[in-house]
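Take a look at the fold below. How do its strands and helices fit together?

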Amino acid sequence: MATVGRQRLRELFDDSPTPHIAHHPRTHRRDFYVATDGSFAPEGGGLGVIIETRTGERVARLAVPDAAPDNNVAEYRALHLGLDVLAHRAPANANVGVLVDHSDLAGAVNLAVLASRGPDYRPLRDATIPPAAVHHWRGIRARVAGFDGLRAAELRSGENPAHVLANAPDEYAHVNDEPAKCALPNVGASEPQIPPPSRADRHASD
(Lines give C-alpha, C1' and ligand atoms only; values in the text may rest on other atoms or scores of the structure.)
Protein backbone atom coordinates (compact mmCIF):
# COMPACT_ATOMS: atom_id res chain seq x y z
CA MET A 1 0.00 0.00 0.00
CA ALA A 2 1.25 3.48 -0.81
CA THR A 3 2.19 5.67 2.12
CA VAL A 4 -0.22 8.57 2.69
CA GLY A 5 1.45 11.97 2.28
CA ARG A 6 4.50 10.64 0.44
CA GLN A 7 4.97 11.73 -3.16
CA ARG A 8 5.06 8.64 -5.33
CA LEU A 9 7.94 8.01 -7.69
CA ARG A 10 5.45 8.02 -10.55
CA GLU A 11 4.47 11.60 -9.73
CA LEU A 12 8.10 12.68 -9.55
CA PHE A 13 8.81 10.98 -12.88
CA ASP A 14 5.84 12.56 -14.64
CA ASP A 15 6.93 16.03 -13.47
CA SER A 16 10.60 15.67 -14.47
CA PRO A 17 12.31 16.12 -17.86
CA THR A 18 13.50 13.08 -19.80
CA PRO A 19 16.70 14.15 -21.63
CA HIS A 20 16.90 13.37 -25.38
CA ILE A 21 13.42 11.78 -25.43
CA ALA A 22 10.09 13.64 -25.49
CA HIS A 23 7.80 12.97 -22.54
CA HIS A 24 5.31 10.84 -24.46
CA PRO A 25 1.95 10.20 -22.68
CA ARG A 26 2.88 6.51 -22.47
CA THR A 27 5.47 7.46 -19.84
CA HIS A 28 2.54 7.92 -17.47
CA ARG A 29 1.83 4.20 -17.64
CA ARG A 30 5.11 2.74 -16.44
CA ASP A 31 4.87 -0.45 -14.40
CA PHE A 32 7.81 0.24 -12.09
CA TYR A 33 9.81 3.28 -11.03
CA VAL A 34 13.38 3.23 -9.73
CA ALA A 35 15.00 6.17 -7.94
CA THR A 36 18.73 5.87 -7.27
CA ASP A 37 21.49 8.05 -5.89
CA GLY A 38 25.18 7.62 -5.19
CA SER A 39 27.31 9.60 -2.77
CA PHE A 40 31.04 10.00 -2.37
CA ALA A 41 32.97 10.88 0.78
CA PRO A 42 36.65 10.37 1.65
CA GLU A 43 35.64 8.17 4.56
CA GLY A 44 33.19 6.19 2.42
CA GLY A 45 29.96 7.00 0.62
CA GLY A 46 26.88 5.00 -0.20
CA LEU A 47 24.27 3.88 -2.71
CA GLY A 48 20.54 4.49 -2.31
CA VAL A 49 17.75 2.70 -4.18
CA ILE A 50 13.96 2.95 -4.01
CA ILE A 51 11.67 0.87 -6.24
CA GLU A 52 7.90 1.28 -6.46
CA THR A 53 5.04 0.11 -8.63
CA ARG A 54 2.93 2.62 -10.54
CA THR A 55 0.46 2.73 -7.64
CA GLY A 56 3.16 3.62 -5.14
CA GLU A 57 3.55 0.17 -3.60
CA ARG A 58 7.11 -0.14 -2.38
CA VAL A 59 9.03 -3.06 -3.85
CA ALA A 60 12.47 -2.46 -2.33
CA ARG A 61 14.67 0.07 -0.54
CA LEU A 62 18.43 -0.21 -0.15
CA ALA A 63 21.03 1.87 1.66
CA VAL A 64 24.42 0.32 0.94
CA PRO A 65 27.82 1.63 2.07
CA ASP A 66 30.13 1.94 -0.93
CA ALA A 67 33.62 3.25 -1.65
CA ALA A 68 33.29 4.68 -5.15
CA PRO A 69 36.28 6.74 -6.34
CA ASP A 70 34.13 9.85 -6.94
CA ASN A 71 30.55 11.04 -7.01
CA ASN A 72 30.06 10.50 -10.74
CA VAL A 73 31.02 6.84 -10.52
CA ALA A 74 28.84 6.43 -7.42
CA GLU A 75 25.81 7.50 -9.47
CA TYR A 76 26.47 4.80 -12.07
CA ARG A 77 27.04 2.17 -9.39
CA ALA A 78 23.76 3.09 -7.70
CA LEU A 79 21.74 2.79 -10.90
CA HIS A 80 23.44 -0.51 -11.77
CA LEU A 81 22.45 -1.84 -8.34
CA GLY A 82 18.87 -0.57 -8.65
CA LEU A 83 18.30 -2.10 -12.07
CA ASP A 84 19.83 -5.40 -10.96
CA VAL A 85 17.43 -5.56 -8.02
CA LEU A 86 14.45 -4.62 -10.19
CA ALA A 87 15.36 -7.28 -12.76
CA HIS A 88 14.81 -9.89 -10.03
CA ARG A 89 11.46 -8.39 -8.99
CA ALA A 90 9.81 -7.54 -12.30
CA PRO A 91 8.81 -9.39 -15.47
CA ALA A 92 10.94 -8.83 -18.57
CA ASN A 93 8.04 -7.11 -20.37
CA ALA A 94 7.82 -4.37 -17.73
CA ASN A 95 7.99 -0.68 -18.61
CA VAL A 96 10.33 1.13 -16.25
CA GLY A 97 10.81 4.75 -15.23
CA VAL A 98 14.24 5.67 -13.86
CA LEU A 99 14.82 8.74 -11.69
CA VAL A 100 18.32 10.10 -11.08
CA ASP A 101 19.64 13.54 -10.15
CA HIS A 102 22.69 13.24 -12.41
CA SER A 103 22.12 14.97 -15.75
CA ASP A 104 24.79 13.09 -17.70
CA LEU A 105 23.58 9.72 -16.43
CA ALA A 106 19.94 10.42 -17.30
CA GLY A 107 20.98 11.51 -20.77
CA ALA A 108 23.26 8.51 -21.26
CA VAL A 109 20.50 6.09 -20.30
CA ASN A 110 18.07 7.65 -22.77
CA LEU A 111 20.71 7.60 -25.51
CA ALA A 112 21.13 3.88 -24.80
CA VAL A 113 17.36 3.46 -25.10
CA LEU A 114 17.37 5.21 -28.46
CA ALA A 115 20.35 3.14 -29.65
CA SER A 116 18.54 -0.07 -28.73
CA ARG A 117 15.79 0.64 -31.27
CA GLY A 118 17.75 -1.20 -33.94
CA PRO A 119 20.92 -1.19 -36.05
CA ASP A 120 19.48 1.38 -38.47
CA TYR A 121 18.90 3.95 -35.74
CA ARG A 122 21.73 6.01 -34.29
CA PRO A 123 21.37 8.79 -31.69
CA LEU A 124 22.74 12.23 -32.51
CA ARG A 125 25.71 11.61 -30.22
CA ASP A 126 27.26 8.88 -28.12
CA ALA A 127 27.11 8.89 -24.35
CA THR A 128 30.25 9.97 -22.48
CA ILE A 129 30.93 7.64 -19.56
CA PRO A 130 33.47 8.15 -16.74
CA PRO A 131 36.30 5.62 -17.32
CA ALA A 132 35.94 4.14 -13.83
CA ALA A 133 32.22 3.50 -14.48
CA VAL A 134 32.58 1.64 -17.78
CA HIS A 135 31.88 -1.82 -16.31
CA HIS A 136 28.80 -0.55 -14.49
CA TRP A 137 27.63 1.18 -17.65
CA ARG A 138 27.78 -2.15 -19.48
CA GLY A 139 25.59 -3.65 -16.77
CA ILE A 140 23.16 -0.73 -16.99
CA ARG A 141 22.91 -1.08 -20.76
CA ALA A 142 22.24 -4.80 -20.44
CA ARG A 143 19.40 -4.11 -18.01
CA VAL A 144 18.01 -1.35 -20.25
CA ALA A 145 17.88 -3.81 -23.15
CA GLY A 146 16.30 -6.47 -20.94
CA PHE A 147 13.10 -4.54 -20.20
CA ASP A 148 10.29 -3.98 -22.66
CA GLY A 149 10.59 -0.22 -22.23
CA LEU A 150 12.66 2.16 -20.11
CA ARG A 151 13.13 5.88 -19.85
CA ALA A 152 15.16 8.07 -17.49
CA ALA A 153 14.05 11.35 -15.91
CA GLU A 154 16.29 13.93 -14.30
CA LEU A 155 15.40 15.06 -10.78
CA ARG A 156 16.73 17.99 -8.85
CA SER A 157 19.00 16.70 -6.10
CA GLY A 158 16.74 17.92 -3.31
CA GLU A 159 13.78 16.01 -4.81
CA ASN A 160 15.50 12.62 -5.02
CA PRO A 161 14.05 10.37 -2.29
CA ALA A 162 17.06 8.03 -2.60
CA HIS A 163 19.41 10.85 -1.58
CA VAL A 164 19.16 10.28 2.18
CA LEU A 165 19.72 6.54 1.75
CA ALA A 166 22.93 7.14 -0.21
CA ASN A 167 24.26 9.83 2.10
CA ALA A 168 23.60 8.04 5.39
CA PRO A 169 23.72 4.30 4.59
CA ASP A 170 24.62 3.31 8.16
CA GLU A 171 21.73 5.31 9.61
CA TYR A 172 19.27 3.78 7.15
CA ALA A 173 20.71 0.25 7.14
CA HIS A 174 17.40 -1.04 8.57
CA VAL A 175 15.70 -0.58 5.18
CA ASN A 176 17.81 -3.45 3.83
CA ASP A 177 15.93 -5.79 6.18
CA GLU A 178 12.49 -4.94 4.80
CA PRO A 179 10.69 -7.98 3.37
CA ALA A 180 11.57 -8.57 -0.27
CA LYS A 181 8.66 -8.20 -2.68
CA CYS A 182 7.97 -9.32 -6.19
CA ALA A 183 5.09 -6.98 -6.90
CA LEU A 184 3.87 -7.68 -10.41
CA PRO A 185 1.58 -5.07 -12.01
CA ASN A 186 -2.11 -5.87 -12.52
CA VAL A 187 -2.05 -8.87 -10.19
CA GLY A 188 -5.20 -9.05 -8.09
CA ALA A 189 -5.26 -10.00 -4.44
CA SER A 190 -6.76 -13.39 -5.29
CA GLU A 191 -4.07 -14.22 -7.82
CA PRO A 192 -0.85 -15.96 -6.80
CA GLN A 193 2.26 -13.86 -6.35
CA ILE A 194 5.64 -15.05 -7.57
CA PRO A 195 7.84 -15.77 -4.55
CA PRO A 196 10.68 -13.26 -4.13
CA PRO A 197 14.25 -14.41 -4.63
CA SER A 198 16.45 -15.06 -1.63
CA ARG A 199 17.99 -11.98 -0.05
CA ALA A 200 21.58 -12.21 -1.18
CA ASP A 201 24.28 -9.72 -0.33
CA ARG A 202 23.56 -6.75 -2.62
CA HIS A 203 26.74 -4.73 -2.16
CA ALA A 204 27.77 -3.18 -5.44
CA SER A 205 30.32 -5.05 -7.47
CA ASP A 206 33.52 -3.43 -8.68
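What follows goes from the sheet to the helices that pack on it.

This is a predicted model. Start with the sheet. It is open and holds 5 strands, in the order β3-β2-β1-β4-β5. The pairing is mixed. Strands β3 (58–66) and β5 (149–154) stand at the edges. Each has a single partner strand, so one side of each is left without a neighbour in the sheet. From one strand to the next, the twist averages 15°.

Now turn to the β5 edge. Here β4, residues 95–100, pairs with β5 in the parallel sense. The pair is joined over 6 bridges. Within this pairing, Gly 97 stands opposite Arg 151 in β5.

Next come the helices. Helix α2 spans residues 71–87 and packs on the sheet. Helix α2 touches β1 (32–39), β2 (45–53), β3, β4 and β5. Its direction makes about 150° with that of β1. Helix α3, residues 103–115, lies across β4 and β5. Helix α3 runs at about 160° to β5.

How do α2 and α3 meet? Their axes come within 10 Å and cross at roughly 45°. An angle of that size makes α2 oblique to α3. The crossing is right-handed. From α2, the contact draws on Glu 75, Tyr 76 and Leu 79. From α3, Asp 104, Leu 105, Ala 108 and Val 109 take part. By class, the contact residues divide into 5 nonpolar and 2 charged, with no polar ones.

Notes. Residues numbered from 1 in each chain as written. Predicted model: local features only at pLDDT ≥ 70, side-chain atom pairs only at ≥ 80, totals over all residues. Heavy atoms only, no water. Pairing = 2+ DSSP bridges. Helix = DSSP H or I, 4+ residues; strand = E, 2+ residues; numbered from the N terminus. Axes fitted to C-alpha atoms, helices over the stretch in contact; angles between N-to-C directions. Contact = heavy atoms within 4.5 Å. Parallel < 35°, antiparallel > 145°, perpendicular 65-115°, else oblique. Left-handed = near helix turned anticlockwise from the far one by under 90°. Nonpolar A, V, L, I, M, F, W, Y, C, P; charged D, E, K, R; others polar.
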